[in-house]
Amino acid sequence: MTDWKLPWSAHCICAHVQMRITAPPMIAMACHCRGCQRLTSGPYSLSLMIPADGFAVEGETEIGGLHRPDQRHHFCAHCKNWLYTDGFAGPFVNVRATMLEDASWVRPYIESCIEQKLPGVVSGAKVSFENFPPPDQYAPLMEAYAREGARPA
Ligand SMILES: [Zn+2]
Ligand SMILES: [Zn+2]
């Protein structure tokens with residue numbers, strides 16, 4: 001797949017932290033859980049799952065959010081934007097899609113925790129889950145996303 005128009009650059013609102021993405025996203029997701037509502041200060045989080053070796057950061061971040069070793073929420077040390085999450089068991093990073101230089105094309109493929117979705121909120125995701133997708137569904141979801149996920153225009 002060569003139509004992702006990589007690399008992408010991304011940054012926080014003060015631009016102190018610069019991020020570069022050089023690998024296609026594995027999936028785009030919206031999470032409506034109460035934790036994501038609080039972390040984003042918005043109705044849901046919008047993430048791109050990026051292979052860890054396709055993600056680079058310049059500038060100082062600090063850990064915030066849940067302070068869990070297996071789910072490290074990185075924030076800009078200056079403007080305090082939530083930028084990405086790492087520390088997961090697998091080799092990937094969840095990057096906040098809204099930090100991209102051009103986020104105009106980003107559409108979630110899956111949405112999770114719709115049980116906790118705020119009234120009137122529509123994410124545009126193709127596949128919805130009451131909670132989180134069962135682990136055995138990630139592989140087929142990622143295959144489908146690689147084929148038909150929304151791309152940069
Ligand atoms: Zn969530
Ligand atoms: Zn910043």
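**Reading the zinc sites, sheets and core**

Analyst: Let's start with a pattern you can pick out by eye: in sequence, the donor residues of the zinc ion (ligand 2) are spaced C-x1-C-x61-C-x2-C. Keep in mind that we're looking at a predicted model.

User: Okay, so which atoms coordinate the zinc ion (ligand 2), and at what distances?

Analyst: Read a metal site from its donor atoms outward. Here the donors are the SG atoms of Cys12, Cys14, Cys76 and Cys79, at 2.3 to 2.4 Å.

User: And how do I name the arrangement of the four donor atoms around the zinc ion (ligand 2)?

Analyst: Look at the angles. Four donors count as tetrahedral if all angles lie between 85 and 135 degrees. Around ligand 2 they run from 106 to 115°, so the arrangement is tetrahedral.

User: Is Cys12 buried or exposed?

Analyst: Go by relative accessible area, where buried means under 20%. Cys12 has 1%, so it is buried. Cys14 has 31% and is therefore partly exposed.

User: What about the zinc ion (ligand 1): which residues coordinate it?

Analyst: Cys31, Cys33 and Cys36 do, each through SG, at 2.2 to 2.3 Å. Water is not among the atoms, so sites may look incomplete. The spacing of the ligand 1 donors is C-x1-C-x2-C, and Cys31 and Cys33 are both buried.

User: Moving on to sheets, in what order do the three strands of the open sheet come?

Analyst: Trace a sheet from neighbour to neighbour, following the bridges. This one reads S1-S2-S5, with antiparallel pairing. S1 and S5 (55–58) each have a single partner strand, so one side of each is left without a neighbour in the sheet. Neighbouring strands are turned by 20° against each other on average, ignoring direction.

User: How many bridges hold S1 and S2 together?

Analyst: Four, in the antiparallel sense. To find the register, take a pair such as Ser9 and its bridge partner in S2, Arg20.

User: Which strands pair with S3, then?

Analyst: Take the partners one by one. S3 runs antiparallel to S4, joined by five bridges, and Ala28 is bridged to Leu48 of S4. With S10 (residues 110–112), S3 pairs in the parallel sense over three bridges; there, Ala30 has Glu111 as its bridge partner.

User: Are the faces of S3 covered or open?

Analyst: Check the two sides of a strand separately. Ile27, Met29 and Cys31 on one side are buried, and so are Ala28 and Ala30 on the other, which leaves both faces covered. Cys31 is also one of the donors to ligand 1.

User: How many residues are in the largest nonpolar core?

Analyst: It has 32, and those with the most contacts inside it are Met19, Ile27, Leu48, Phe55, Leu83 and Leu100. Among the elements that give two or more residues are S1, S2, S3, S4 and helix H2 (138–148). S4 supplies the largest share, four residues.

User: What does Phe55 touch?

Analyst: For packing, skip the residues up to four places away in sequence. Phe55 then touches Met19, Arg20, Ile21, Ile50, Tyr84, Val93 and Val95.

User: And where does Ser45 lie?

Analyst: In S4 (residues 45–51). Ser45 has a relative accessible area of 2%, so it counts as buried. Beyond its neighbours within four places in sequence, Ser45 is in contact with Met29, Ala30, Cys31, Cys36, Thr40, Trp82 and Arg96. Two of those names should ring a bell: Cys31 and Cys36 are donors to ligand 1.

Conventions: Residues are numbered from 1 along each chain as its sequence is written. Chains are lettered from A and ligands numbered from 1 in the order in which they are written. This is a predicted model: local features need pLDDT of at least 70, side-chain atom pairs count only at pLDDT 80 or more; totals for chains, interfaces and linings use all residues. Side-chain values use heavy atoms; hydrogens and water are left out. Buried means under 20% relative accessible area, exposed over 50%, partly exposed in between (1.4 Å probe, protein chains only). Contact means heavy atoms within 4.5 Å. A nonpolar core is a set of buried Ala, Val, Leu, Ile, Met, Phe, Trp, Tyr and Cys residues joined through side-chain atoms within 4.5 Å. Donors are N, O and S atoms within 2.8 Å of the metal (3.2 Å for Na, K and Ca); water is not among the atoms, so sites may look incomplete. Four donors count as tetrahedral if all angles lie between 85 and 135 degrees; four count as square planar and six as octahedral if opposite donors are over 155 degrees apart and all others between 65 and 115; anything else is irregular. Two strands pair if DSSP finds at least two bridges between them. Axes are lines fitted to C-alpha atoms, for helices over the stretch in contact, and angles run from 0 to 180 degrees between N-to-C directions.
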